[in-house]
Amino acid sequence: MRAARMTLFLSALMLAFAELSSCTTANLGAGIKADTTPAPKAAQTETEIAPLNETDTVTALLQPLAKLAPDTVEAALHDNKASKIPYIGVWAADDAGCAQIDQAGYQSFAVITSKSIRQFEEKCTFSATPPTSNPTSIEAMCTAGGSKAPRAITILTTAIGGLQIVNMPAVNPVEYVRCELPK
């Protein structure tokens, strides 16, 4: 009798195991959800620009080209992969700020070309080709409010595709997101 119960128990256990092993996300019970967390992205090299993939949505969009200043157009159209200078581009404090660049009153942005950096009312120019190191320091001549002054500007691209700029020593970096042109 005891052997019969043990055989019955083992048979039931094997049947239950077989049922569990055949479960898929299609036949999970109501209220049970499969883990759909995306796998983490691979680490980037220091100077690499964070690539978009098919699941990313671009919400950091600039105005159409016709509404942008010439240096903004130049920076937005720059081919970072060809130049290997990841920080050239158009940057804003947040995604929503991208649409406000070159529109009245917006201050939290940086437009970086191969010869200049513009932040709100200040424009800095430099003659040497910017280095590709990360972080990089650029010696620039800056003009704001009619005054000119030399300045060392430190730029760092982050692993998540952002940018940090330090305009003066002992000042906290300003952080930006990359702005894209609308398709």
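Strands β6 and β7 run antiparallel and are joined by four bridges. β7 covers residues 163-166. Within this pairing, Ile155 stands opposite Ile165 of β7. The two strands form a hairpin, with five residues between them. In that turn, Gly161 has a positive phi of about 90°. The model described here is predicted.

**The other side of β6**

β6 also pairs with β5, again in the antiparallel sense. This pairing spans nine bridges. β5 takes in residues 136-144, and β6 takes in residues 147-157. Which residue of β6 is the bridge partner of Ala140? That partner is Arg151. β5 and β6 make a hairpin too, with two residues between the strands. Here Gly145 takes a positive phi near 55°.

**Strand pairs in brief**

A further antiparallel pair is formed by β3 and β4. The table sets out three pairs with their bridges and one facing pair of residues each.

| Strand pair | Bridges | Facing residues |
|---|---|---|
| β3 and β4 | four bridges | Gln119 and Glu122 |
| β5 and β6 | nine bridges | Ala140 and Arg151 |
| β6 and β7 | four bridges | Ile155 and Ile165 |

**The barrel**

How do the strands come together as a whole, and in what order? They form a closed barrel of eight strands. The order is β1-β2-β3-β4-β5-β6-β7-β8, and the pairing is antiparallel. Neighbouring strands of this sheet are turned by 30° against each other on average, direction ignored.

**A helix and its cover**

Helix α2 spans residues 70-77. Which of its residues are buried? Asp71, Thr72, Val73 and Ala75 are. Strands of the barrel help to cover these buried residues. Among the covering elements are β1 (89-92) and β2 (109-112). β3 (116-119) and β4 (122-125) are included as well.

**The whole protein**

The protein has four helices and eight strands. From the N terminus on, the elements run α-α-α-β-α-β-β-β-β-β-β-β. Thus three helices precede β1, and one more helix follows β1.

The protein has 183 residues, and buried residues make up 30% of them. Its accessible surface comes to about 12100 Å². Carbon and sulfur atoms hold 61% of that surface.

How much of the contact network links residues 24 or more positions apart? Such residues account for 45% of the contacts with a separation of 6 or more.

Conventions:
Residues are numbered from 1 along each chain as its sequence is written. This is a predicted model: local features need pLDDT of at least 70, side-chain atom pairs count only at pLDDT 80 or more; totals for chains, interfaces and linings use all residues. Side-chain values use heavy atoms; hydrogens and water are left out. Buried means under 20% relative accessible area, exposed over 50%, partly exposed in between (1.4 Å probe, protein chains only). Contact means heavy atoms within 4.5 Å. Accessible areas come from the Shrake-Rupley method with a 1.4 Å probe; for residues, only the protein chains shown count as cover. Two strands pair if DSSP finds at least two bridges between them. Axes are lines fitted to C-alpha atoms, for helices over the stretch in contact, and angles run from 0 to 180 degrees between N-to-C directions.
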